[in-house]
Amino acid sequence: MPKHVRLISFLMVCSLWSMPKAANAQALIPHTLQLDPTKLEKQGLSLAQEAAQLAQFQQVELALPRARLASQLAPGNDKVWLLLGGLQLQTKEFDAAIASLKKAQSINPKNGDILFALGSANFQQKNYQAALVNYQEGLKLKPNDPEGLFNLGNAYFMLGRLPDAIAQYNTAVSKDKKFWPALNNIGLINYEQGDIPGAIKQWQSAVTIDKQAAEPLLALAVALYTKGDRQQGLTLGETALRIDSRYANLDFLKENLWGDRLLSDTKKFLELPRIQAALQQPANSSSAPRQQPTQ
């Protein structure tokens, strides 16, 4: 990690330097310190880079003030405002996030990532129609972006336009064969529609791509257990919850678009003694530390 430039102290010193000195026998003319905008912008970009690295390690509370300062030091850089808006989204400061993202958009209206971030802001506030428009506009600028296609599919999903959602998920996979979240969400739709074999096939494909993907692994475990393959279901469920115990939280699953049918079956699955034991094991085991959340 690059050395932290302590810009707050630097600016405080500058402000003190620009203050008029105390009068003795004669008043002094205040001197205004001339700061180099190029150097300040460079320092701002360095701070933004550090904030981005902190955010990658889920240190959002540390990253946010750095990003705020970076936006003051490099106010003409759309990526700095985009970073700040993204961090504000993570802390659910939606109004501030949208303001930052709008600022980024005014600087660079051709940056599709800004529109995707605005879509995320609207999606998190359950304004799915506005999110849909944001994602569509973003995809005009970045038509082959798998995450943009996936998020557009999610907007269709929440609007009840399930065939359109599946179409976008399939397009996302066609652009990136390893983009398992799209396969996972097709499985979610299949399960709610009663197509259990179809759902299992999608989740098996997702797990084949990433064996550490806890979400499709747990969904697959529940589906297999419910249809009668109990031993395999329990084994996969134990593995999934050891990878990421957040998936034992039904509210968390609902946020990840799990439907009523799957949530009902998962609730029963999570109450099984063997699964409860698996949930307790990471906390009691000194040899297997609890995995840090990835979101």
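Biologist: Which residues of H10 meet Glu-215, Pro-216, Ala-223 and Thr-226 in H12?

Modeller: This is a predicted model, and the contact is read from its atoms. Helix H12 covers residues 214-226, and its side of the contact consists of the four residues you list. On the H10 side, the partners are Trp-180, Asn-184, Leu-188 and Tyr-191.

Biologist: How are H10 and H12 oriented to each other, roughly parallel or roughly antiparallel?

Modeller: Two packed helices are described by the angle between their axes and the distance between the axes. The axes of H10 and H12 come within 10 Å and cross at roughly 30 degrees, and the crossing is left-handed. Angles under 35 degrees count as roughly parallel. The two helices are therefore roughly parallel.

Biologist: How is H9 oriented to H10, roughly parallel or roughly antiparallel?

Modeller: Helix H9 spans residues 162-175, and its axis comes within 9 Å of that of H10, crossing at roughly 155 degrees. Angles over 145 degrees count as roughly antiparallel. So H9 and H10 are roughly antiparallel.

Biologist: Which residues of H10 make the contact with H9?

Modeller: H9 passes H10 in a left-handed crossing. From H9, the contact uses Leu-162, Ala-165, Ile-166, Tyr-169, Asn-170, Ala-172 and Val-173. From H10, the residues are Ala-182, Leu-183, Asn-185, Ile-186 and Ile-189.

Biologist: What kind of aromatic pair do Phe-123 and Tyr-128 form?

Modeller: The structure holds six aromatic pairs. In the pair of Phe-123 and Tyr-128, the ring centres are 5.0 Å apart and the planes stand at 70 degrees. Planes over 60 degrees apart count as edge-to-face. Both residues are buried, and the pair is edge-to-face.

Biologist: How many residues apart in sequence are the parts that Tyr-191 and Trp-203 tie together?

Modeller: Tyr-191 and Trp-203 form a tilted pair, with 5.8 Å from centre to centre and 35 degrees between the planes. Both residues are buried. Tyr-191 lies in H10 (residues 180-192) and Trp-203 in H11 (residues 196-209), so the parts they tie together are apart in sequence by 12 residues.

Biologist: Which residues form one aromatic cluster with Tyr-169?

Modeller: Tyr-169 is also one of the H9 residues in the contact with H10. Its partners in the aromatic cluster are Phe-150 and Phe-179.

Biologist: Is Lys-126 buried or exposed?

Modeller: Lys-126 lies in the loop between helix H6 (112-124) and helix H7 (128-141). Its phi is near 65 degrees, a positive value in a residue other than glycine. Its relative accessible area is 62%, and the cut-off for exposed is over 50%. Lys-126 is therefore exposed.

Biologist: Is Leu-257 buried or exposed?

Modeller: Leu-257 sits in the loop between helix H14 (250-255) and helix H15 (260-270). Leu-257 is not a glycine, yet it has a positive phi of about 75 degrees. Its relative accessible area is 10%, and buried means under 20%. Leu-257 is therefore buried.

Biologist: How far does H13 reach from its first C-alpha to its last?

Modeller: Helix H13 (residues 230-243) has 14 residues. Among its buried residues are Gly-233, Leu-234, Gly-237 and Leu-241. The expected span at 1.5 Å a residue is 20 Å, and the reach in the model is close to that, at 20 Å.

Biologist: What percentage of the residues in the chain is buried?

Modeller: The chain has 16 helices and zero strands. Of its contacts with a separation of 6 or more, 53% join residues 24 or more positions apart. Of the 295 residues, the buried ones make up 45%.

Key. Residues are numbered from 1 along each chain as its sequence is written. This is a predicted model: local features need pLDDT of at least 70, side-chain atom pairs count only at pLDDT 80 or more; totals for chains, interfaces and linings use all residues. Side-chain values use heavy atoms; hydrogens and water are left out. Buried means under 20% relative accessible area, exposed over 50%, partly exposed in between (1.4 Å probe, protein chains only). Rings of Phe, Tyr and Trp (its six-membered ring) pair if their centres lie within 6.5 Å; planes under 30 degrees apart count as stacked, over 60 as edge-to-face and the rest as tilted. The expected span of a helix is 1.5 Å times one less than its number of residues. Axes are lines fitted to C-alpha atoms, for helices over the stretch in contact, and angles run from 0 to 180 degrees between N-to-C directions. Angles under 35 degrees count as roughly parallel, over 145 as roughly antiparallel, 65 to 115 as roughly perpendicular and the rest as oblique. A crossing is left-handed if the near helix is turned anticlockwise from the far one by less than a right angle, and right-handed if clockwise. Contact means heavy atoms within 4.5 Å.
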